[in-house]
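Me: Please walk me through one part of this protein in detail, a place where two helices pack against each other. Then tell me about a few spots elsewhere along the chain, with the cut-offs as you go.

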Amino acid sequence: MSIAARREATTVFFGSLGAAAWEESVEEMSAELRDAHYLGRQAPPELAAAFADLFTCALPARFRVLYLESKVMEILARIVAGADSPRGPAQPPMAEYEIERIRRVPQMLMENLHEQHTGESLARALGLSPKRLNHGFKQLYGDTVFSHHRNECLRRASMLLVETDLSVAAVALRSGYSSPSNFCYAFKKRYGQTPRQYRAARTPAGVRGAHS
């Protein structure tokens, strides 16, 4: 994905301070580095995560545009800030076999929702060091292993709430939560609504009675 605009429009996007920061940082980049940003190559994890958020927004339609605009601003700000921020020592690139093994992790966790996994047990199952697993997962998914897994569990829950008539307790269990109260707390923190509120807002009126 690329974001393009006329040079004179930067003040509209960033305001005067942001436009000046853009001029001082991005405009001074080497052509090679600027092309890498433009073509989306080698995005750091925090940028990859921000782009991923663009495609996983679950807010109601009337709030979605505001959210997406804020994420675009975050992406642009991170590019500007990243141009001035010193990078840490480079990590060795991942081998193909490491990438293939790390990509198994989300499915492994979703298939065994009620097992007590740790970073060490996952790394051992994959034949990787915990450090290599954590670093590689962050590179591929822009998040830590268990933060990503928690979000995937809640995303599954959001779909079950809308697409089935399962009780909230049953949805919690199928999403990896043995405690409905813990599930409700995590769900509201993630989506800003309780599971019942989320379901009611997205269920057609004619079907709503079947869920109650």
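Reply: Here is the overall layout, then the helix pair, then some other spots.

You're looking at a predicted model, in which local features need pLDDT of at least 70, side-chain atom pairs count only at pLDDT 80 or more, and totals for chains, interfaces and linings use all residues. Residues are numbered from 1 along each chain as its sequence is written, and side-chain values use heavy atoms, with hydrogens and water left out.

The protein has 13 helices and zero strands; these are DSSP runs numbered from the N terminus, with helices being H or I of at least four residues and strands E of at least two. Reading along the sequence therefore gives α-α-α-α-α-α-α-α-α-α-α-α-α. Of its 212 residues, 31% count as buried (buried is under 20% relative accessible area, exposed is over 50%, partly exposed is in between, with a 1.4 Å probe and protein chains only). Now take the contacts (heavy atoms within 4.5 Å) with a separation of 6 or more: 59% of them are between residues 24 or more positions apart.

Now for the helix pair. In general, two packed helices are described by the angle between their axes and the distance between the axes. Helix 9 covers residues 145-163, and helix 12 covers residues 195-202. Their axes come within 9 Å and cross at roughly 50 degrees (axes are lines fitted to C-alpha atoms, for helices over the stretch in contact, and angles run from 0 to 180 degrees between N-to-C directions). That makes helix 9 oblique to helix 12, since under 35 degrees is roughly parallel, over 145 roughly antiparallel, 65 to 115 roughly perpendicular and the rest oblique. The crossing of helix 9 past helix 12 is right-handed, that is, the near helix is turned clockwise from the far one by less than a right angle, whereas anticlockwise would be left-handed.

Which residues make the contact? Helix 9 contributes S158, L160, L161 and V162, and helix 12 contributes P195, Y198, R199 and R202. By type, they divide into five nonpolar, one polar and two charged (Ala, Val, Leu, Ile, Met, Phe, Trp, Tyr, Cys and Pro are nonpolar, Asp, Glu, Lys and Arg are charged, and the others, Gly among them, are polar).

S158 deserves its own look. With a relative accessibility of 7%, S158 is buried. Leaving out residues up to four places away in sequence, S158 touches F187, Y191 and Y198. The S158 side chain also reaches the backbone oxygen of R155 at 2.6 Å.

Just along the chain, S167 sits in the loop between helix 9 and helix 10 (168-174) and is partly exposed at 42%. P195, already met in the helix 12 side of the contact, is 28 residues from S167 in sequence but 9.9 Å away in space, C-alpha to C-alpha.

Elsewhere, look at P93, in the loop between helix 4 (61-84) and helix 5 (96-102). P93 is exposed, at 71% relative accessibility, and touches E98 and R132, not counting residues up to four places away in sequence. The C-alpha atoms of P93 and G136 are 9.0 Å apart, though 43 residues separate them along the chain.

R132 itself lies in helix 8 and is buried, at 15%. Its side chain joins that of E98 through a polar contact of 2.9 Å (a pair of N or O atoms within 3.5 Å; within protein, one must be able to donate a hydrogen and the other to accept it, and residues adjacent in sequence count only if both atoms are side-chain atoms). E98 also has a C-alpha 9.1 Å from that of G127, 29 residues away in sequence. G127 is in the loop between helix 7 (119-126) and helix 8 (130-141), and it is exposed at 53%.

Finally, G119 is in helix 7. Neighbours within four places aside, G119 contacts L133 and F146, and its C-alpha is 8.9 Å from that of K131, 12 residues away in sequence.
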